Every structure is written in C-alpha cells, then in structure tokens.
Amino acid sequence: MDTKKYENILRQRHLEILARLNRIDADLSEQKSPDFEDQATQAENDEVLEEFGQVGETELKAIDAALKRIEQGTFGICVTCGQPISEERLDAVPHTPFCKECVPG
C-alpha cells in the first residue's frame with residue numbers, strides 16, 4: 001500500500017479544514033448587527049457555523065490519528081479486528097481506522 005499517497009491526502013485535508021475553521025472563527029467574531037431581526041438571523045447562522053466547526057474539529061482529530069498510524073506503521077490495519085482496510089475504503093475515507101466490517105453503528 002502506498003502510505004505516502006494517503007499521507008499527502010490527509011495533510012492536504014488537514015490544511016483545508018484548518019482554513020475552514022479559521023474562516024468560521026472569523027465569521028463568529030464579527031460584530032453583530034444592532035437590528036433585532038438581523039441578530040436573530042445571525043444567531044441561527046452562528047449555530048450552524050459552530051456545528052460545522054465541531055464537525056471539522058472531529059475530522060481533524062481523526063486525521064491526526066491516521067497520520068500517527070502512518071508514523072507507527074499501522075495505517076491501513078483495522079484497529080478493531082487487525083485485518084487490512086481495503087484501499088477502496090481508504091480512498092473514500094482516508095482517515096478511517098476501521099475496515100468495512102468493523103465500522104461502528
């Protein structure tokens with residue numbers, strides 16, 4: 001398996017997520033409108049942005065764990081059953097620690 005390929009994909013995705021999280025932080029720290037209706041809309045938008053930020057943080061942790069598995073030489077091995085993870089699955093979700101059979105609920 002070409003772990004360098006996956007390492008490059010993971011590092012690129014890491015950078016993309018960091019850029020997105022920086023934009024979210026910038027949007028969340030913008031001055032709020034004094035208009036009540038605008039404030040309500042901004043509050044709803046902030047909730048969506050915060051959720052996107054949480055999803056991004058979760059994916060960053062998974063990417064960091066995958067990069068650590070590459071360093072340790074265990075990348076592509078299911079953490080549950082110890083069997084190889086198919087390249088087809090890794091192409092779809094490069095940071096996955098699970099084979100197709102062991103994906104949690």
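**Tyr-6**

I looked up Tyr-6 first and found it buried, because its relative accessibility is 0% and buried means under 20% relative accessible area, exposed over 50%, partly exposed in between (1.4 Å probe, protein chains only). The model is a predicted one, in which local features need pLDDT of at least 70 and side-chain atom pairs count only at pLDDT 80 or more, while totals for chains, interfaces and linings use all residues. Residues are numbered from 1 along each chain as its sequence is written, and side-chain values use heavy atoms, with hydrogens and water left out.

I placed Tyr-6 in helix α1; helices here are DSSP runs (H or I, at least four residues), strands are runs of E of at least two, and numbering starts from the N terminus. I then listed what Tyr-6 touches, leaving out residues up to four places away in sequence: Met-1, Ile-70, Phe-75, Glu-87, Leu-90, Asp-91 and Pro-94. A contact here means heavy atoms within 4.5 Å. I also checked Tyr-6 against Asn-22: they are 16 residues apart in sequence and 24 Å apart in space, C-alpha to C-alpha.

**Aromatic pair**

I searched for ring pairs, taking rings of Phe, Tyr and Trp (its six-membered ring) with centres within 6.5 Å; planes under 30 degrees apart count as stacked, over 60 as edge-to-face and the rest as tilted. The count came to one aromatic pair. It consists of Tyr-6 and Phe-75, and I noted it as tilted because the ring planes stand at 40 degrees, with the centres 5.6 Å apart. The pair links distant parts of the chain, with Tyr-6 in helix α1 (residues 3-28) and Phe-75 in the loop between α2 and α3 (87-92), 69 residues apart. I found both Tyr-6 and Phe-75 buried.

**Gly-76**

I found Gly-76 in the loop between α2 and α3. I logged Gly-76 as buried because its relative accessible area is 4%. Outside four places in sequence, Gly-76 is in contact with Met-1, Gln-83, Pro-84, Ile-85 and Leu-90. Its C-alpha atom is separated by 7.3 Å from that of Pro-97, which is 21 residues apart from Gly-76 along the chain.

**Thr-58**

I looked up Thr-58 in helix α2 (residues 36-72). Thr-58 is exposed, because its relative accessible area is 54%. From Thr-58 to Pro-94 I read 14 Å between C-alpha atoms, with the two positions 36 residues apart in sequence numbering.

**Whole chain**

I counted three helices and zero strands, in the order α-α-α along the sequence. The radius of gyration is 18 Å, whereas a compact globule of 105 residues would have one near 13 Å; the radius is taken over C-alpha atoms, and the globule rule is 2.2 Å times the number of residues to the power 0.38. The C-alpha atoms fill a box of roughly 55 × 30 × 20 Å along the principal axes. I noted that 28% of the 105 residues count as buried. Among contacts with a separation of 6 or more, 54% come from residues 24 or more positions apart.

I also tallied charges: 12 positive and 22 negative side chains, with the centres of the two sets 10 Å apart. Lys and Arg count as positive and Asp and Glu as negative, with His and the chain ends not counted. Each charge is placed at NZ of Lys, CZ of Arg, CG of Asp or CD of Glu.
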